[in-house]
Amino acid sequence: MMASFVTEVLAHSGRLEKEDLGTRIGRLTRRVEEIKGEVCSMINKKYNEFLPSMQSAQDLITQVDELCDDIDLLKSRVESEVQQDLHVSISEFTQLKQQLERDTIILSMLKQLQEFSSAIEEYNCALSEKKYVAAAQHLKKAQNCLKLLKSRKGFELQIFKSLSVELTIQKQNILYHLGEEWQKLAAWKLPTSKVSNLESALQTELHLCTEPSQKEDETPSPPISSVLLAFALVGELHTKLKSFSQLLLKYIIKPLVAYPSLHALIDTHPDTIIFRFESVATDLEHSSPSEVFTKIRLVLEVLQKHLLDLSLGDDLEDEKVSKIVLAEIVGDMIWEDMSECLIKDCLVYSIPTNSSKLEQYEEVIQSTEEFENALKAMRFLKGDTTDLLKYARNINSHFANKKCQDVIVAARNLMTSEIHNTIKISPESKVALPELPALDEHNRFKMQKAPKSPHNEMMNLDTENKLGEHSFSLPTCRISESVEKLMELAYQTLLEATTSSDQCAVQLFYSVRNIFHLFHDVVPTYHKENLQKLPQLAAIHHNNCMYIAHHLLTLGHQFKLRLAPVLCDGTTTFVDLVPGFRRLGTECFLAQMRAQKGELLERLSSARNFSNMDDEDNYSAASRAVRQVLHQLKRLGVVWQDVLPVTIYCKAMGTLLNTAIAEIIGRITALEDISTQDGDRLYSLCRTIVEEGPQVFTPLPDENENKKFQEEVPVYVPKWMPFKELMLLLQASLQEIGDRWADGKGPLATAFSSGEVKALIRALFQNTERRAAALAKIK
């Protein structure tokens with residue numbers, strides 16, 4: 001009978017010398033048999049003693065019961081001894097089994113350590129011979145051995161840390177050598193300047209070694225495919241290709257897109273491919289998409305042929321490595337940035353600025369699709385339509401966006417230009433606009449069906465009741481050149497909308513509305529200081545706003561039937577903007593009027609209330625104040641002349657002159673004592689105003705044409721006639737004053753209240769019976 005394998009192993013190792021489990025069980029079996037014999041002997045003995053005595057049946061039963069108890073006791077003793085020995089044997093067997101398993105693991109670990117050591121030795125040997133693929137494979141084998149060793153639970157040995165450090169050092173070692181080889185195989189010559197421009201691009205070169213040179217005194221260099229495969233085996237291929245892709249994108253692809261004059265030159269030699277640039281003079285600011293696509297395809301095709309189409313170990317067991325496609329990796333790394341660059345620096349500039357050129361854009365869409373198909377054939381791209389082609393195909397939206405952006409930019413430039421560059425407009429002036437396209441038959445039919453009643457057809461209007469030719473025209477005035485151009489831009493944009501797609505038409509229409517919203521926000525803010533300080537600019541801005549409001553009244557109506565159907569539901573209007581523009585112009589001009597009124601009142605405040613005119617200083621101060629007021633008004637007349645519409649000009653000047661006159665009237669009527677000399681001097685000052693005041697009404701450059709406006713001063717200056725009545729009071733007798741009062745029906749009663757007249761009489765005349773009589777007549 002063969003001894004137990006466990007026992008032999010343990011006995012051989014000198015750790016345990018015990019009998020095996022079979023021997024132990026045999027001994028126990030024999031012991032049981034012995035006990036059985038003793039029991040049988042005891043039974044026979046009792047039986048023999050039972051027969052001769054012939055005891056009673058009851059005694060026999062009692063003895064039998066005692067015998068059974070003895071038997072059960074013996075049986076329990078036997079089972080207890082057997083069970084105890086069995087537990088001891090099982091425990092010993094378990095310990096032996098665990099010891100064997102541990103020894104087996106230790107033996108396996110020693111074997112893996114030996115394999116790790118052998119792999120490192122073979123790795124060093126292969127690395128020294130520049131067999132990088134073999135070296136990478138041995139290094140990977142060593143890595144797997146270490147991984148298995150670390151996976152053993154309960155064996156956290158210090159040697160594992162040392163092996164990990166050694167493995168890291170060896171990995172960095174092979175990466176260093178692979179990096180050196182890669183720099184020789186793909187050598188970049190980059191510009192010294194950090195600034196990206198055409199000159200720096202011309203300094204860029206890429207030397208791609210296709211057949212490494214073999215020198216007798218050196219170990220043969222590996223081919224580029226071996227270097228890339230070794231990078232893949234050590235898990236660093238993506239890192240290396242990412243660095244190469246970033247350089248390719250920054251120094252070759254992006255310059256080809258950005259500079260129209262830049263072209264790639266590819267010099268092919270037996271062992272090297274050289275990529276470099278040349279500059280060809282061109283007047284183009286941006287290359288066409290087809291030209292850019294051709295340039296990039298040339299570069300990528302050469303790269304794909306000599307670098308990115310290399311086979312990486314088809315015979316390797318590692319499926320992940322054998323299935324690597326270099327072109328796909330590089331494509332994934334550069335496509336997003338490259339397509340963004342192509343859109344922002346190329347396609348966006350090919351978008352037409354006129355809807356009539358949209359059909360020509362089909363060539364761009366076709367060249368974009370061909371470009372992407374070529375990249376898919378080279379395996380740079382995978383999948384369906386990309387963002388680049390989607391962008392090219394969505395031309396209507398891009399055209400509308402670009403057109404709207406250009407319109408807003410042009411409008412803002414006009415709004416921030418100088419206001420004082422003006423042109424003269426008249427009722428005959430028209431916006432420079434090409435003829436609108438003819439209506440289609442449907443719209444013409446709608447217009448022809450306008451209802452006409454027999455009454456309207458037969459009704460004749462009296463010629464005297466007919467409106468004039470220019471009843472709804474703007475009056476002659478001056479506006480900024482920029483505002484006229486702004487309105488022309490609005491008309492041209494709406495005209496463009498009439499020939500555009502529905503989506504584009506809607507965007508263009510609302511861009512025109514945005515122009516006017518922008519004007520409302522930009523102009524008052526951008527020109528705020530000048531509008532406050534310079535009266536002429538305030539007047540021009542007023543005219544500009546009124547000019548825009550005038551056109552907004554009919555702008556939507558003119559294009560209503562020619563725009564997209566979606567806009568013909570009553571939304572094609574600009575009338576809602578009219579009140580805002582009128583208010584914008586009015587508020588600016590009224591602010592300027594308030595400022596001018598403030599200056600006039602400030603000048604008159606230095607007149608010392610026109611009191612004590614017999615004092616030379618007081619008279620001189622009052623005279624100077626009057627002269628300053630007239631000078632200010634004349635200066636305003638000059639800057640507003642030929643700028644404001646005549647009616648606005650006259651109302652504005654009349655309001656300011658009226659302010660000055662009203663202030664003078666108030667100051668004089670408030671005097672409690674006016675001597676004869678005071679009256680004479682006050683009369684002289686008033687006469688100066690009456691004589692020179694009308695001269696501020698010069699709305700037109702031709703002096704002869706201004707006379708009629710100067711003769712109509714009372715129309716524009718409400719206080720003009722009361723002022724002249726005041727002059728007469730200063731020189732009149734009590735009798736003359738009574739006559740002009742005429743029981744409250746004369747011109748004096750029209751100009752002043754009874755209280756004001758009485759106050760003047762008391763100030764001008766001494767307290768006499770005649771004065772009392774005169775005062776009594778003033779009721």
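**Exercise 1.** State whether the crossing of helices α24 and α27 is left-handed or right-handed, and describe how these two helices pack.

*Solution.* The crossing of α24 and α27 is left-handed. The model under study is a predicted one. Helix α24 spans residues 676-692, and helix α27 spans residues 720-731. Their axes lie 9 Å apart and form an angle of about 150°. Angles over 145 degrees count as roughly antiparallel, so α24 and α27 are roughly antiparallel to each other. The residues that meet include Leu-682, Tyr-683, Cys-686 and Ile-689 in α24, and Trp-720, Phe-723 and Met-727 in α27.

**Exercise 2.** Describe the packing of helices α20 and α21 by angle and axis distance, by relative direction and by handedness.

*Solution.* Helix α20 comprises residues 535-559, and helix α21 comprises residues 578-604. The angle between them is about 165°, with the axes 8 Å apart. This angle is over 145 degrees, and α20 and α21 are therefore roughly antiparallel to each other. Their crossing is left-handed. On the side of α20, the contact is made by residues including Pro-535, Ala-538, His-541, His-542 and Leu-552. On the side of α21, Val-578, Phe-581, Gly-585, Phe-589 and Gln-596 are among the participants.

**Exercise 3.** Decide whether Gln-596 is buried or exposed, and list its contacts outside its sequence neighbourhood.

*Solution.* Gln-596 is located in helix α21. Its relative accessibility is 2%. Since the limit for a buried residue is under 20%, Gln-596 counts as buried. When neighbours within four places in sequence are left aside, Gln-596 is in contact with Pro-535, Gln-632, Leu-636 and Leu-656. Pro-535 also belongs to the α20 residues that make the contact with α21.

**Exercise 4.** Identify the residues with the most contacts inside the largest nonpolar core, and state which helix gives this core its largest share.

*Solution.* The largest nonpolar core has 135 residues. Those with the most contacts inside it are Leu-303, Met-338, Phe-516 and Phe-519. Helix α11, residues 326-350, contributes 12 residues, the largest share of this core. With residues up to four places away in sequence not counted, Met-338 touches Leu-249, Ile-253, Ile-296, Phe-371 and Leu-375. Another core, of 71 residues, lies apart from the largest one and includes Val-629, Phe-697, Leu-700 and Phe-723. Phe-723 has already appeared as one of the α27 residues that meet α24.

**Exercise 5.** State how many salt bridges are found in the whole structure, and examine the pair formed by Asp-642 and Lys-424.

*Solution.* A search of the whole structure finds 19 salt bridges. In one of them, the side chains of Asp-642 and Lys-424 meet at 2.9 Å, N to O. This pair links distant parts of the chain, its members being 218 residues apart. Asp-642 lies in the loop between α22 and α23, and Lys-424 in strand β5, residues 422-425. Asp-642 counts as buried, at 16% relative accessibility, whereas Lys-424 is partly exposed, with a relative accessible area of 44%.

**Exercise 6.** Set out the sequence separation and the accessibility of the partners in the salt bridge of Glu-616 and Arg-681 and in that of Arg-603 and Glu-599.

*Solution.* The side chains of Glu-616 and Arg-681 meet at 2.6 Å, N to O. Glu-616 in α22 and Arg-681 in α24 are 65 residues apart, and the pair links distant parts of the chain. Glu-616 counts as partly exposed at 48% relative accessibility, whereas Arg-681 counts as buried at 16%. Lys-424, Arg-478 and Asp-642 are joined into one network by salt bridges that share partners.

The side chains of Arg-603 and Glu-599 meet at 3.7 Å, N to O. Both residues lie in α21, four residues apart, which is about one turn of the helix. Arg-603 counts as partly exposed at 26% relative accessibility, and Glu-599 is partly exposed with a relative accessible area of 30%.

**Exercise 7.** Summarise the protein chain by its helices and strands, its buried share and its contacts.

*Solution.* The chain contains 31 helices and six strands. Of its 779 residues, 40% are buried. Among contacts between residues at least 6 apart in sequence, 76% join residues at least 24 apart.

Note on methods. Residues are numbered from 1 along each chain as its sequence is written. This is a predicted model: local features need pLDDT of at least 70, side-chain atom pairs count only at pLDDT 80 or more; totals for chains, interfaces and linings use all residues. Side-chain values use heavy atoms; hydrogens and water are left out. A nonpolar core is a set of buried Ala, Val, Leu, Ile, Met, Phe, Trp, Tyr and Cys residues joined through side-chain atoms within 4.5 Å. Buried means under 20% relative accessible area, exposed over 50%, partly exposed in between (1.4 Å probe, protein chains only). Contact means heavy atoms within 4.5 Å. A salt bridge is a side-chain nitrogen of Lys or Arg within 4 Å of a carboxyl oxygen of Asp or Glu. Axes are lines fitted to C-alpha atoms, for helices over the stretch in contact, and angles run from 0 to 180 degrees between N-to-C directions. Angles under 35 degrees count as roughly parallel, over 145 as roughly antiparallel, 65 to 115 as roughly perpendicular and the rest as oblique. A crossing is left-handed if the near helix is turned anticlockwise from the far one by less than a right angle, and right-handed if clockwise.
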